[in-house]
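Welcome! Let's take a walk through a protein structure together, one piece at a time.

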Amino acid sequence: MTREQEINRGINQRSPRTRNRIFRFILESPAPVSKQEIVNALNLSLPTVHQKLQELLAGHLIRVGEVQKSTGGRPPVAYTVEENACYAIGLSVSANHLRFLLSNLKRQQLAYKKIRLKPEEWTMERLFSEMDLFIKENKVDQDRILGIGITIPGILNRNANRILLSPTLPAQKFSLQGLQKQSRYPIFITNDTKASALAELINRPAEERRKPFLYLLLEYGVGGAVCLDGKILHGSNGRSAEFGHMCLEPDGLLCNCGKHGCLEAYCGALRFTRDLGLTTEEFFQGLKEGKPELVDLWEDVLEHLAMALVNLHLAFDYDIVLGGFVSEYMANYLPHLRELAARRDPFLNGEPADYLSIGKLQNAGMIGAAWHFISSFVSQV
């Protein structure tokens, strides 16, 4: 029996909006909550809350959590979400790797796996065999898997069934229609940067989610997203915020898109992996050891990145969040990057560019893609 069938069997379908509000409140609460806390927060009557909690308990969507400390009389019971009532999988497809992530209702990362692939190893069969192995290795109940969210480093058409442009992906060997037909689970395919920005957005406290920000993904390619009023902007043609293909140097380095001088050509990870024959880990280890040729290259990367970041800040006047696997190595370099940006920013007067920060989530794109199915599930409770 699927989780949707269990919901339909175990939960009274009357007043679904009230039940959904209560479930969402419990889901988003960092600690177990009591009936009275729900009553106060949602302005509901105690009998209504009691009834809806019984429905959620019957549907195995919540459980009794910690019994709260009593101020006299019987200690109040607290409730928390059954976070493993169902799962979703995020799959990142990139130039050299497949990455898998298992997420539950609380957006917790339960398992992760990274596989390096050579160009000749790209086949649909390999992708699904690795997916099946990941599920088996982690002993996941297949009936509890809501779906697989797949991130692609490229622009998709409106129906997400065709890649319009993907400079870093071996797209000629990658059929989105084939994915949808061969998968035993529901499939959702999305742009990697938009998914990463969404994960960053939903990970923020509720009161901060309407604050606008820009997201810049630094991986093999460079992508962008604009977050405004709690939503990701997609543009008229689904191509908004393609910051990676802004031209920084006319007639500069050749970009993966075929043009010259793009931000991606200067700051994408392929510049120090493919071009140097190093893995990302090897590059940053060499950088840590102070190898002169790597130090010089990295300084050039940061100079061009600072140039782009200042241009974006001048255009939007929003905070900018750096994400992607390259950003996971950048904590020690962020002060220097802020200084480089401040030198170019005409409004800072020598102050560091504090509008720059590093995303709080690793594997954000996979979390964002998996959230497509989790949010759909939550909306039906």
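The paragraphs below move from a set of strands to a helix, then to the nonpolar cores and the cysteines. Keep in mind that this is a predicted model.

A good place to begin is strand β14, residues 319-323. Four of its five residues are buried, so β14 is largely enclosed by the rest of the structure. On one hand, β14 pairs with strand β11 (residues 213-218); the two run parallel and are joined by five bridges. You can find Leu-214 standing opposite Ile-320 of β14. On the other hand, β14 pairs with strand β15 (residues 356-358), again in the parallel sense, over three bridges. Here Leu-322 has Ile-358 in β15 as its bridge partner. To get from β14 to β15, the chain passes through helix α11 (residues 334-344), and this β-α-β crossover is right-handed.

Now turn to helix α9, which spans residues 280-288. Which of its residues are buried? They are Thr-280, Phe-283, Phe-284, Gly-286 and Leu-287. Viewed down the axis of α9, these buried residues fall within an arc of 155°, so they line one face of the helix. The spacing helps to explain such a pattern: an α-helix has 3.6 residues a turn, so residues three or four places apart point the same way. Part of the cover over the buried residues of α9 comes from α10 (292-316). After α9 comes Gly-290, with a positive phi near 80°.

Several of these elements meet again in the largest nonpolar core, which has 49 residues. Leu-216, Trp-298, Val-326, Met-330, Leu-337 and Leu-356 have the most contacts inside this core. At least two residues each come from β11, β12 (222-228), α8 (263-267), α9, α10, β14 and α11. The biggest giver is α10, with twelve residues. In soluble globular proteins, nonpolar side chains tend to be buried together.

What does Met-330 touch, beyond its neighbours within four places in sequence? Its contacts are Leu-218, Trp-298, Leu-302, Leu-305, Leu-322, Leu-337 and Ile-358. Apart from the largest core lies another, of 29 residues, including Ile-26, Leu-56, Tyr-79 and Ile-202.

Finally, look at two cysteines. Cys-227 counts as buried, at 2% relative accessibility, and Cys-267 is buried too, with a relative accessible area of 3%. How many disulfides are there? With a disulfide counted as a pair of cysteine sulfur atoms within 2.5 Å, the count comes to zero.

Note on methods. Residues are numbered from 1 along each chain as its sequence is written. This is a predicted model: local features need pLDDT of at least 70, side-chain atom pairs count only at pLDDT 80 or more; totals for chains, interfaces and linings use all residues. Side-chain values use heavy atoms; hydrogens and water are left out. Buried means under 20% relative accessible area, exposed over 50%, partly exposed in between (1.4 Å probe, protein chains only). The arc is that of the directions from the helix axis to the C-beta atoms. Contact means heavy atoms within 4.5 Å. Two strands pair if DSSP finds at least two bridges between them. A crossover is right-handed if, with the strands pointing away from the viewer, the path from the first strand over the helix to the second runs clockwise. A nonpolar core is a set of buried Ala, Val, Leu, Ile, Met, Phe, Trp, Tyr and Cys residues joined through side-chain atoms within 4.5 Å.
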